[in-house]
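Work through the exercises below with the sequence and the coordinates at hand. Try each task before reading its solution.

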Amino acid sequence: MTILDLTTEQQHELRQSLLSQRDELTQQLHQGLDSSAIVELDQQAFGRVSRQDALLQQSMAKATVQQAEEQLRQVTRALARIESDDFGYCEQCEEPIGYARLRVRPEAPWCMACQSMSEQ
């Protein structure tokens, strides 16, 4: 399979978008890991409500980290597909994904039809 019928400018734009996403996600993960660390509160702190609030914030930070890790995996796979000339093709049906979708989600592994079927 060769890279989808994209112009050189489109290929460059999508690659740059993926590299930018990778950098942002990596930075977000480093910040999120600090926020999701074990909650240690001073025993004389404000009490039960403060601890519950801290645990809730920790839980939300963990969910954000998990989401960023998954998106980073998708971005990394998309960058690898660019290098192997498989980029732009659906991993399910192997049909072209289309520039419009790739422009919005360059890490998208599936075309709209396969994505819709997986969500049902």
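**Exercise 1. E13 and its partner**

Does E13 count as buried, partly exposed or exposed? Then follow its salt bridge.

*Solution.*
Step 1. The model is predicted, so every value here is computed from a prediction. At 32% relative accessibility, E13 is partly exposed, since that class lies between 20% and 50%.
Step 2. E13 pairs with R103 in a salt bridge, with the closest N and O atoms 3.2 Å apart.
Step 3. Place the two ends. E13 sits in helix α1 and R103 in helix α3, so the bridge ties together parts 90 residues apart in sequence.
Step 4. Check the partner. R103 has 53% relative accessibility and counts as exposed.

**Exercise 2. Confidence and layout**

Find which helices hold the lowest and the highest mean confidence, then describe the fold in outline.

*Solution.*
Step 1. Take the whole chain. Its mean pLDDT is 84, and 82% of the residues reach 70 or more.
Step 2. Go by element. Confidence is lowest in α2, with a mean of 86, and highest in α3 (residues 99-104), with 94.
Step 3. List the elements. The chain has four helices and zero strands, in the order α-α-α-α from the N terminus.
Step 4. Look at burial. Of the 120 residues, 32% are buried.
Step 5. Look at the surface. The chain exposes about 8400 Å², with 49% of that from carbon and sulfur atoms.
Step 6. Look at contact range. Among contacts with a separation of 6 or more, 59% join residues 24 or more positions apart.

**Exercise 3. The nonpolar core**

Which residues of the largest nonpolar core touch the most other members?

*Solution.*
Step 1. The core has 19 residues, and L18, L79 and F87 touch the most other members.
Step 2. Ask which helices contribute. Both α1 (8-35) and α2 (48-83) supply at least two residues each.
Step 3. Rank them. α2 gives the most, with seven residues.
Step 4. Take L18 in detail. Beyond four places in sequence, L18 touches V75, A78, L79, I82, F87, P106 and E107.

**Exercise 4. Two polar residues in α2**

Are R81 and Q58 buried or exposed?

*Solution.*
Step 1. Both residues are found in helix α2: R81 and Q58.
Step 2. R81 has a relative accessible area of 10%, so it is buried by the 20% cut-off.
Step 3. Name the surroundings of R81. Leaving out neighbours within four places in sequence, R81 contacts D86, F87, E91, E107, A108 and P109.
Step 4. Q58 has 12% relative accessibility and is buried too.
Step 5. Relate Q58 to a residue elsewhere in the chain. Its C-alpha atom is 9.4 Å from that of G32, and the two are 26 residues apart along the chain.

**Exercise 5. More salt bridges**

How many salt bridges does the whole structure hold? Examine two besides the one already treated.

*Solution.*
Step 1. The search finds six.
Step 2. Take E83 and R15. Their side chains meet in a salt bridge, 3.6 Å from N to O.
Step 3. This pair links distant parts of the chain, with E83 in helix α2, R15 in helix α1, and their positions 68 residues apart.
Step 4. Compare exposure. E83 is exposed at 58%, whereas R15 is partly exposed at 32%.
Step 5. Take R105 and E107. Their closest N and O atoms are 3.0 Å apart in a salt bridge.
Step 6. R105 is partly exposed, at 29%. E107 is buried, at 4%.
Step 7. Connect this to the earlier exercises. E107 is also among the contacts of L18 and of R81.

**Exercise 6. Cysteines**

How many disulfides are there, and why is C93 not bonded to C90?

*Solution.*
Step 1. The count is zero disulfides.
Step 2. The closest cysteine sulfur to that of C93 belongs to C90, at 3.7 Å. The cut-off is 2.5 Å, so this is too far for a bond.
Step 3. Repeat for C111. C111 is in no disulfide, and the nearest cysteine sulfur, in C114, is 3.7 Å away.
Step 4. Finish with accessibility. C93 is partly exposed at 34%, whereas C111 is buried at 9%.

How values were computed
Residues are numbered from 1 along each chain as its sequence is written. This is a predicted model: local features need pLDDT of at least 70, side-chain atom pairs count only at pLDDT 80 or more; totals for chains, interfaces and linings use all residues. Side-chain values use heavy atoms; hydrogens and water are left out. A nonpolar core is a set of buried Ala, Val, Leu, Ile, Met, Phe, Trp, Tyr and Cys residues joined through side-chain atoms within 4.5 Å. Buried means under 20% relative accessible area, exposed over 50%, partly exposed in between (1.4 Å probe, protein chains only). Contact means heavy atoms within 4.5 Å. pLDDT is the predictor's confidence in each residue, from 0 to 100. Accessible areas come from the Shrake-Rupley method with a 1.4 Å probe; for residues, only the protein chains shown count as cover. A salt bridge is a side-chain nitrogen of Lys or Arg within 4 Å of a carboxyl oxygen of Asp or Glu.
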